[in-house]
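Biologist: I am new to this model and would like a close look at one part of it, before anything else is discussed. Please start from a single buried residue and work outwards, explaining each term as you go.

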Amino acid sequence: AQSDERSKICSNFSVIRPQETTMTKEIIPFSKSKVKEKFRLRLIQIRDSYSQSAEHASLMAKEADGPMQSRYDTAKTEQAWLANALSERGENLDQIIADWKTLFSNEVTERIGLGSLIFLEDLEYGDKEWFYITPFGGGISIDLDGKNIKGLSTESILGKNLLSKKKGQEVVYKAHANDLKPQRFLLLEVL
């Protein structure tokens with residue numbers, strides 16, 4: 001019944017009034033600086049994993065049989081390509097980690113931007129989730145004080161649609177061109 005009532009409100013207005021979605025600071029169990037640091041540590045773990053995998057793939061390429069046994073025997077070449085790709089990803093993460101402190105602000109702003117910590121509600125299913133807006137790293141998640149926080153890249157469709165939105169606004173978008181109906185989210189909090 002509450003979902004139907006919210007749907008009626010949402011269908012009549014593109015922006016939900018902020019007083020309808022008030023969330024007090026007491027409910028938020030963590031600070032942006034803790035989230036920022038935890039994501040940085042997670043990226044370091046991923047970078048280290050890439051480095052170890054690149055070393056292993058490089059070693060496998062060196063140890064693979066010399067000349068190809070048949071035209072389908074490309075293990076040595078594929079291992080070398082894999083080692084190179086993993087090394088590049090690790091180097092990219094090195095640069096991101098080095099720039100980490102300057103990329104994001106710890107300031108709380110009214111509008112969503114890089115480094116914003118947001119709380120979204122899926123209006124169709126009622127799920128509520130925390131997200132941290134990053135220029136990369138979609139799919140990375142951390143657990144902090146019993147809450148799961150997902151990294152949401154500004155390169156993703158949802159990330160692009162969220163930029164510059166404010167608390168209380170509804171975000172409507174289609175994840176894929178062939179989706180029959182758009183997904184709808186309500187911004188419950190922007191930190």
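Modeller: Arg 47 touches Gly 90, Leu 93, Asp 94 and Ile 97 when residues up to four places away in sequence are not counted, where a contact means heavy atoms within 4.5 Å. This is a predicted model, in which local features need pLDDT of at least 70 and side-chain atom pairs count only at pLDDT 80 or more, while totals for chains, interfaces and linings use all residues. Residues are numbered from 1 along each chain as its sequence is written, and side-chain values use heavy atoms, with hydrogens and water left out.

Arg 47 belongs to helix α2; helices (H or I, at least four residues) and strands (E, at least two) are DSSP runs, numbered from the N terminus. With a relative accessible area of 19%, Arg 47 counts as buried, since buried means under 20%, exposed over 50% and partly exposed in between, with a 1.4 Å probe and protein chains only. One of its contacts, Asp 94, is 47 residues away in sequence, yet the two C-alpha atoms are 7.2 Å apart in space.

Leu 43 is also worth following, and, once its neighbours within four places in sequence are set aside, it is in contact with Leu 93, Ile 96, Ile 97, Trp 100, Phe 136 and Ile 140. Leu 93 and Ile 97 therefore appear in the contacts of Arg 47 as well.

Leu 43 is also a member of the largest nonpolar core, which has 23 residues, and is among those that touch the most other members, together with Val 35, Phe 39, Trp 100, Leu 117, Tyr 132 and Ile 149. A nonpolar core is a set of buried Ala, Val, Leu, Ile, Met, Phe, Trp, Tyr and Cys residues joined through side-chain atoms within 4.5 Å. At least two residues of this core come from each of α2 (32–63), α3 (75–98), β1 (117–122), β2 (128–134), β3 (141–144) and β6 (183–190), and α2 gives the largest share, four residues. A second core, separate from this one, has 14 residues, including Ile 118, Leu 158, Ala 175 and Val 190. As background, nonpolar side chains in soluble globular proteins tend to be buried together.

Leu 43 and Leu 93 also take part in the lining of the largest pocket, where they are joined by Ile 46, Tyr 50, Arg 89, Asn 92, Ile 96, Phe 136, Gly 137, Gly 138 and Ile 140. On a 1 Å grid over the protein atoms alone, a pocket is an open set of points where a 1.4 Å probe fits, with protein on both sides within 12 Å along at least five of seven lines, and lining residues have an atom within 4 Å of a point. The largest pocket holds about 210 Å³ of space, a volume being the space filled by probe spheres set on the points, which are joined across faces, edges and corners. Both α2 and α3 give two or more residues to this lining, and α3 gives the most, with four. Sorted by class, the lining comprises seven nonpolar, three polar and one charged residues; here Ala, Val, Leu, Ile, Met, Phe, Trp, Tyr, Cys and Pro count as nonpolar, Asp, Glu, Lys and Arg as charged, and the others, Gly among them, as polar.

Ile 140, one of the residues lining this pocket, leads on to Leu 152, twelve residues away along the chain, and the C-alpha atoms of the two are separated by 8.1 Å. Leu 152 sits in strand β4 and is buried, with a relative accessible area of 9%. Beyond its neighbours within four places in sequence, Leu 152 is in contact with Phe 131, Tyr 132, Ile 133, Thr 134, Leu 158, Gly 159 and Leu 162.

The loop between β3 and β4 (147–153) contains Asp 145, which has a positive phi of about 50° although it is not a glycine. Asp 145 is partly exposed, with a relative accessible area of 45%.

For the wider setting, the protein chain has five helices and six strands, which run α-α-α-α-β-β-β-β-α-β-β from the N terminus on. Buried residues make up 34% of its 191 residues.
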